[in-house]
Amino acid sequence: MTLIAFELSGEHSVIPCAEVIGALEAEEIDFLIYRQFDRLLIIETYKSNIPLMDVLTRRLSMTWHILQVLGICDAAAPDIIKMVESVEIDHDRSLTYRIRTKKIKRKNQISSEDLERGIGKVFYDNGYKADLKNPDVEYRAVLSGGECIFGKILGSIDRSAFEHRNPSNKPFFYPGVVMPRLARAMVNIARTKRGGIVMDPYCGTGGILVEAGLIGAVTLGCDIQKKIIMGGQMNLDYYSVDYSILLQDAGNMALRDVCVDCIVTDPPYGRSAIIWARSLDHLMRYSLKEIYRVLRPGGRAVVVSECHLEDLAVEVGFHVDKVFIQRVHRSLTRRITVLDKVL
Ligand SMILES: C[S@@+](CC[C@H](N)C(=O)[O-])C[C@H]1O[C@@H](n2cnc3c(N)ncnc32)[C@H](O)[C@@H]1O
């Protein structure tokens, strides 16, 4: 067994952790939660799963680094150096290394430079060569909640790739869409599998489907506006995503029962939204019924809204797993509701 740590981003208090758990489940990686610190999740898993961390590095959006944990101790410099002296450094001596420290919330008085120098000395004394610019292997000492987690980087998430896919950088732009990092996190929370079918019944410009397609899912979208659908197709083509899009009402879909594996969607809400229905309440009632009907048993739906969906969801048969609250600005707070269609 081994311990793997996920260094989480601070952009939300719980979504980054839920994203990691969803991605682990989607990839069918056996794990137990070992410890949770501020912005750090540590799991226990089989050593044979280490190569799969490459897949997670490409899937996750709200994590900075994935580490193989080599030691945990109190966040005091002498204890950290003692711990590092006792760990088994197993990288080839011909490879270069770099040590970095990260203080979560910067409360700890230890100087990062002194700590990096102290840990580096242990490596140097053992015959390893440092390269601060372009190392072959990087180690991190993360100080969180009064403890130090020391580990070797298995993967670092390319967060800038998500910024490159910001809505305004896409061939077709329409305002009021979720940003790529949140879209990807929702896709992971939905336990989207590579090769599985993901549906967005309000696909708009295809932001969610692009994120699902880029991790290897087959995507299916619906929207009621022809112009938006054409724009969504342009965006999905641009990222070479495998997709089908249908022009139809999310409250009455021409799809067979239980034909999709998961649903991730951002229906219209807020003052500027275009709603093609008698009312938003009417639309959500009928589309949740449809979402339940087309989803396979055991599948999950992740739905963004401004209003509470829990009662409607339970009425149509869903189990409400979680609701995440995300404040967007003064007049908009999003609710991200995770719904399970139990077997
Ligand atoms: C918030 S936007 C979705 C944005 C989308 N996630 C994206 O990346 O562009 C909501 C979408 O719902 C669509 N819509 C409104 N009423 C609908 C209905 N009855 N059935 C299907 N789509 C509808 C709108 O055309 C709009 O594209």
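In this predicted model, Glu-28 counts as exposed, because only 10 C-beta neighbours lie inside 10 Å and a residue with 12 or fewer falls in that class. Glu-28 sits in the loop between helix 1 and strand 2 (32-37). Its backbone is worth a look too: Glu-28 has a positive phi of about 55 degrees, although it is not a glycine. Most residues other than glycine have a negative phi.

Arg-191 also has a positive phi, near 65 degrees, and is likewise a residue other than glycine. Arg-191 is placed in the loop between helix 6 and strand 9 (197-200). Here the surroundings are crowded enough for the label "buried", because 23 other C-beta atoms lie within 10 Å of Arg-191 and the cut-off is 20 or more.

The two helices that lead into these loops also meet each other. The axes of helix 1 (residues 15-26) and helix 6 (residues 180-189) come within 7 Å and cross at roughly 45 degrees, so helix 1 is oblique to helix 6. The crossing is left-handed. Helix 1 contributes Ile-15, Ala-18, Glu-19, Gly-22, Ala-23 and Ala-26 to the contact, while helix 6 supplies Ala-185, Asn-188 and Ile-189.

Turning to the interior, the largest nonpolar core holds 87 residues, and Met-186, Val-187, Val-264 and Val-302 have the most contacts inside it. At least three residues of this core come from each of domain 1 (2-156) and domain 2 (171-340). Leaving aside residues up to four places away in sequence, Met-186 touches Ile-208, Val-264, Val-302 and Ile-336. In soluble globular proteins, nonpolar side chains tend to be buried together.

Note on methods:
Residues numbered from 1 in each chain as written. Predicted model: local features only at pLDDT ≥ 70, side-chain atom pairs only at ≥ 80, totals over all residues. Core = buried A, V, L, I, M, F, W, Y, C linked by C-beta atoms within 7 Å. Domains from an automatic or database assignment. Contact = placed C-beta atoms within 7 Å. Axes fitted to C-alpha atoms, helices over the stretch in contact; angles between N-to-C directions. Helix = DSSP H or I, 4+ residues; strand = E, 2+ residues; numbered from the N terminus. Parallel < 35°, antiparallel > 145°, perpendicular 65-115°, else oblique. Left-handed = near helix turned anticlockwise from the far one by under 90°.
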